[in-house]
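Welcome! Please take a moment to look over the sequence and the model, and then read on for a short guided briefing.

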Amino acid sequence: MFSRMTNGEKWFQIFAVLFMIGISILFVYPFLHVLAISLSTPAEAIRAGVHLYPQEFSFEAYRKAVASSQIWYGFRNTIFRTVVGTALSVFVMVMAAYPLSKKYLPDRRFFTLFIVFTMFFSGGLIPTYLLVKGLGLYDSLWVYIIPSMFSTFSLLILRNFFIGIPQELEDSARMDGANDIRILFSVVLPLSAPIIATITLWAAVSYWNEWFQALIYVQDQTKIVLQIYLRRLVVENQDMELRMLMSQQPGQETVTPETVKAAVLMIITAPIIIVYPFLQKYFVNGVMIGSLKE
Amino acid sequence: MASLARSGKLHAESRWKRYKKHKYLFVLLLPALFWYSVFHYGPLYGVQLAFKDFRVLEGINGSPWVGWKHFETMFTSTSQFWRVFRNTIVISLYHIIFGFPAPIILALIFNEIRGKIFKRVTQSISYLPHFLSWVILAGLFGTILSPSTGIVNYILTALGFDSIYFLGDPHYFRFTLVATSIWKEIGWGTIIYLAALASVNPNLYEAAGIDGAGRWKQTLHITLPSILPVVSIMFIFKISGILDAGFDQILNLYHPAVYGVADILDTYVFRVGLSQMQYSLTTAVGLFKNVIALLMVLGTDYVIKKSGQEGLF
């Protein structure tokens, strides 16, 4: 293969490969850096320069991070939101996408427009805030789940996928007297495993990552999520409890705010980074389906 | 059936019949219709606040009408509206100028790489940041870009430059916004272009190769023209989203020292509306933004349809 290339092409291949290696380093290094800081002693952590691995190893920052009661509330609520939210969200989106995929749905165009229009116009932050408060969702764990149950983008991708399933497959079930609901769950769904996987992953990631609603709708400290806990450390620079835990004899510090922040950041990012390589193809799948259909 | 349906009364009847015939489809659709009505159309009721003076005790209904007062305050007074509006446009333009071509260039390079496994690994790595929140990335960049201990400034000072406070210096903050958002989205952004590149007919390359066209000429005359439709649609989408300058990103990266260059419409509504409780004024600002955005989307749709492609609606 290489021998058929001209000199210029060979040089280009070398350039392209070097360029990609450079880019990969740009993407990977920041994570290694923060990981190394999180595992470093204070003296090592404040050293400017390259941190690929901790030269003086210390697990203290993680010990301090998990000693805070807030992070455990955060874990509990985040896992609740991700598991229950994803399950509900995928369920209702599948339900809605199926009728929208049917040409014989009466007034299909109107219902589709009713949903798609919301991608392009909204009442804005303040009216939405007042509405959610008015519904009694303020300071409730359900505020994490219900207002973000549908993703219009995912719904449309799901609908596009259902449109592509041959109608004949459903017809025989209909002959046997099955109604639309039965057909959806016993005929269509089993054929849709890859796209369901994609939608599920996207929903899970967005429930795991969501922080804005948690910021504006939840005051109760036992209801915080991990993203908000991290945000307090990183963006607002405050966490009283952690600061008390960290109060140490001057000169004998075992952690610094930087190492604890890094540890919390790693704890929150780890689940995504760990599952990502295994499920990578499902993450990408839907975009391909969505874009090829157009 | 079809001819009967054209006359008025029968039409209504047959519609009812069709609804009844497909009642199970509506059972499936109902939760979605309910949810969209409440959470997307419900807030439209509160938009009237833009024309009222909101009083907490009297609620939306009881608050008195004040006409265009808040829009007048917004446009004429010394309010920060114009500064915020300008910031939004400027930051968006930076994103378009530098951020838009980035994934196209990366996709073209991906497309040229021959080693399959190497290609797949680098692609996977580049998609990852798309799945992390700006809260996490604020922590990551805070560490990497720190003026005292960050690796970037370590390299800069080692090369003899002054160290730069990327997240705190108004001169560099917009640059930092664009650079970090490219870092997050460049890989994910390649997917749609790679799909377009994959659908190019390989015979075209073969024919060009036989005619003596090198790799560079093939890229210029076959690859680029074949992804041009996707590029132009993506570009129009980018333009129509010009009033969204990256709320999630800015809210997690900025602080008072850089408000002057980084406060955008969305962050302004958040700060002044929710933190300072100026509900009516910021509802007006939000309405202004959303109406302009809708007009731009409709314009986009018009342009796309004019160019002979399938529109949005």
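**A first look inside**

Start with Val285(B): setting aside neighbours within four places in sequence, this residue is in contact with Met74(B), Phe81(B), Leu265(B), Tyr268(B) and Val269(B). Keep in mind as you explore that this is a predicted model. From that one valine, we can move on to the cores, the chain contacts and the overall build.

**Nonpolar cores**

- Val285(B) also belongs to the largest nonpolar core, which has 118 residues.
- Which residues touch the most other members of this core? They are Met93(A), Ala97(A), Leu158(A), Leu230(A), Val264(A) and Leu265(A), together with Val285(B).
- Helix H10 of chain A, covering residues 193-209, supplies the largest share of this core, with 9 residues.
- There is also a second, separate core of 12 residues, and its members include Leu106(B), Ile186(B), Ile191(B) and Ile192(B).
- As background, nonpolar side chains tend to be buried together in soluble globular proteins.

**Where chain A meets chain B**

- How many residues of each chain are in contact with the other chain? The count is 80 for chain A and 67 for chain B.
- On the side of chain A that touches chain B, the elements giving two or more residues include helix H1 (7-38), helix H4 (69-100), helix H12 (226-234) and helix H14 (257-293) of chain A.
- H10 of chain A is another element on that list.
- H1(A) gives the largest share of this side, 16 residues.
- By residue type, the side of chain A that touches chain B has 58 nonpolar, 17 polar and 5 charged residues.

**The build of chain A**

- Chain A has 14 helices and 0 strands, so every symbol in its run of elements from the N terminus is an α.
- The radius of gyration of chain A is 25 Å, whereas a compact globule of 294 residues would have one near 19 Å.
- Along the principal axes, the C-alpha atoms of chain A fill a box of roughly 80 × 70 × 35 Å.
- Of the 294 residues in chain A, 36% count as buried.
- Take the contacts in chain A between residues at least 6 apart in sequence: 75% of them join residues at least 24 apart.

**The domains of chain B**

- The domain assignment of chain B gives domain 1 (2-51) and domain 2 (79-306).
- The centres of domain 1 and domain 2 of chain B, taken over C-alpha atoms, are separated by 38 Å.

Notes
Residues are numbered from 1 along each chain as its sequence is written. Chains are lettered from A and ligands numbered from 1 in the order in which they are written. A nonpolar core is a set of buried Ala, Val, Leu, Ile, Met, Phe, Trp, Tyr and Cys residues joined through C-beta atoms within 7 Å. A residue is buried if 20 or more other C-beta atoms lie within 10 Å of its own, exposed if 12 or fewer, and partly exposed in between; C-beta atoms are placed from the backbone. Helices (H or I, at least four residues) and strands (E, at least two) are DSSP runs, numbered from the N terminus. Two residues are in contact if their C-beta atoms, placed from the backbone, lie within 7 Å. Ala, Val, Leu, Ile, Met, Phe, Trp, Tyr, Cys and Pro count as nonpolar, Asp, Glu, Lys and Arg as charged, and the others, Gly among them, as polar. Domain bounds come from an automatic or database domain assignment. The radius of gyration is taken over C-alpha atoms; the globule rule is 2.2 Å times the number of residues to the power 0.38.
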